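These are my notebook entries from a session spent looking things up in one structure. I wrote each one down as I went, so that I could follow the path again later.

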Amino acid sequence: MKILLITEQREGKWNNTSFETLAAAQQIAKQTGGTLTGVVIGKGVAALANELAGFQLDEVLLVEHDLLEKYTPDGFTLALRQIVAAVKPDLVLLPHTYQVRDFAPKLAASLGKGMIGDCIGYRHENGKLIFVRQMFQGRTAADVVFEGDPPWIASFQAGAFRGDQAARRQGDSAPVKTPRVDLKAEQIRTTPLELFREAKQAVDLSQAPLLVAIGRGIKAPENIPLAEKLAKALGAELAASRPICDEGWLPMERQIGSSGQTVAPKLYLALGISGAIQHVVGMKGARTIVAVNKDQNAPIFEVADYGIVGDLFEIVPALTEEVEKSK
Ligand SMILES: Cc1cc2nc3c(=O)[nH]c(=O)nc-3n(C[C@H](O)[C@H](O)[C@H](O)COP(=O)(O)OP(=O)(O)OC[C@H]3O[C@@H](n4cnc5c(N)ncnc54)[C@H](O)[C@@H]3O)c2cc1C
């Protein structure tokens, strides 16, 4: 099996879910006895291609063009279609980022192919790859297989695999090739404006290693500084359940769950969150989940690695004090 992994960077910085999908791609390549080609796409991103070449893959393609400096769905689709035509992969893998959601279905459609998006895992059974997707907001999961001829295109949800388990090469690097892609300005029908820069103020919680999340148990906006103080002591970002964002107590971009962000931090500290399925679906990929809830039967404890049954208004200040002391 020939696998093509399309990584993601923005302004020369990795989207770390690229390494999670790299770990998945390496595993599939190993199980199927396949080859793995990594793609870095953009402009002025040679350093990232060289970094990627330090991982276990067969080659890296550095796909650069002036018209790829800023992301556009047309530019990325046209360029990647040429790469797919040249490499002829069986399987194209991508991390399921916002950007991938934007262009990958277009790429698949332009190749006349389907796409299995937002997979949480896969199995290799009897020589066949079976992908696993969540359905009905995470209440159930379904096995999905590709029909027809390759290339098959799939994306993996953040947290489905561990980026730190992507295997590195020992001492040497994979070759980095620079295939040419033909793009013309008139083929690109959108011009990215300042919107991406605005995102500087916004947070991409999917990239945050530590999250302190608050739910309705926080009771009132005046109490949010309590959680903020703990987040600051830990060096964590603040996140929330939907009611907190619906109330306007925190901006929507901090909402975790089926209608918010999907995150996979090292630590997710849930304060006064009941653990409704629509919330859990967005955070259960966290490596360690710590929940504080005064109701010992709260469903959040079913996914928590550590549970504290108690009043967050007593526990959070004590935790903050301990964290500050230990610095
Ligand atoms: C279509 C749809 C999409 C949705 N999308 C999302 C989504 O993306 N994200 C999301 O979060 N929700 C989403 N929801 C809402 C979801 O169903 C829940 O209503 C919501 O997650 C509950 O938020 P919560 O846990 O903060 O509040 P609650 O369910 O009210 O839980 C509050 C918890 O705080 C505890 N508590 C109270 N006081 C204290 C205290 N002093 N100390 C400790 N614990 C305390 C309580 O025991 C309780 O468990 C969606 C719902 C629908 C229908």
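The entries below go from a sheet to a single side chain, then to some further strands and the ligand.

**Entry 1: the sheet**

Before anything else I noted that this is a predicted model. I then looked up the strand order of the open sheet, which has 9 strands and reads β9-β8-β7-β10-β6-β1-β4-β5-β11, with mixed pairing. I wanted to know why β9 and β11 each have one side left without a neighbour in the sheet. I found that β9 (140-144) and β11 (176-177) stand at the edges with a single partner strand each, so one side of each is left without a neighbour there. As a reminder to myself, I added that strands of a sheet pair through backbone hydrogen bonds, either parallel or antiparallel.

**Entry 2: around β5**

I followed the sheet order from the β11 end and looked at how β5, residues 59-64, is joined to β11: the two pair in the parallel sense over 2 bridges. For the partners in β11, I noted that Leu 61 is matched with Lys 177, while Val 60 is matched with Val 176.

Turning to β4, residues 35-42, I found that 6 bridges join this strand to β5 and that the two run parallel. Within this pairing, Val 40 stands opposite Leu 62 of β5. Between the two strands the chain passes through helix α2, residues 46-52, and I recorded this β-α-β crossover from β4 to β5 as right-handed. I also checked how well β5 is covered, and 5 of its 6 residues turned out to be buried.

**Entry 3: one glutamine**

Is Gln 99 buried or exposed? I located Gln 99 in helix α4, which spans residues 98-110, and looked up its relative accessibility, which is 6%. Buried means under 20%, so Gln 99 counts as buried. I then looked for a partner of its side chain, and found a polar contact of 3.5 Å with the side chain of Arg 10.

**Entry 4: β14, β15 and β16**

I moved further along the chain to β15, residues 288-293, and saw that 5 of its 6 residues are buried. With β14, residues 267-271, this strand pairs in the parallel sense over 5 bridges, and there Leu 269 has Val 290 of β15 as its bridge partner. With β16, residues 306-309, β15 also pairs in the parallel sense, over 4 bridges, and I marked Ala 291 as standing opposite Gly 307 of β16.

**Entry 5: the ligand**

Which residues come nearest to the ligand? Of the 27 residues around it, I listed Arg 216, Ser 241, Ser 259, Ser 274 and Asn 293. I sorted the shell by kind and got 6 nonpolar, 15 polar and 6 charged residues. Helices α7 (242-246), α8 (277-280) and α10 (312-325) each supply at least two residues of that shell.

Next I looked at individual atom pairs. A nitrogen atom of the ligand is 2.9 Å from an N or O atom in the side chain of Lys 219, and a polar side-chain atom of Asp 311 also lies 2.9 Å from a nitrogen atom of the ligand. For Ser 258 I noted a polar backbone atom, 3.1 Å from an oxygen atom of the ligand. My last lookup was the cover over the ligand, which exposes 980 Å² when taken alone, and of that area the protein buries 76%.

Notes
Residues are numbered from 1 along each chain as its sequence is written. This is a predicted model: local features need pLDDT of at least 70, side-chain atom pairs count only at pLDDT 80 or more; totals for chains, interfaces and linings use all residues. Side-chain values use heavy atoms; hydrogens and water are left out. Buried means under 20% relative accessible area, exposed over 50%, partly exposed in between (1.4 Å probe, protein chains only). Two strands pair if DSSP finds at least two bridges between them. A residue is near a molecule or strand if one of its heavy atoms lies within 4 Å of it. A polar contact is a pair of N or O atoms within 3.5 Å; within protein, one must be able to donate a hydrogen and the other to accept it, and residues adjacent in sequence count only if both atoms are side-chain atoms. Accessible areas come from the Shrake-Rupley method with a 1.4 Å probe; for residues, only the protein chains shown count as cover. Ala, Val, Leu, Ile, Met, Phe, Trp, Tyr, Cys and Pro count as nonpolar, Asp, Glu, Lys and Arg as charged, and the others, Gly among them, as polar. A crossover is right-handed if, with the strands pointing away from the viewer, the path from the first strand over the helix to the second runs clockwise.
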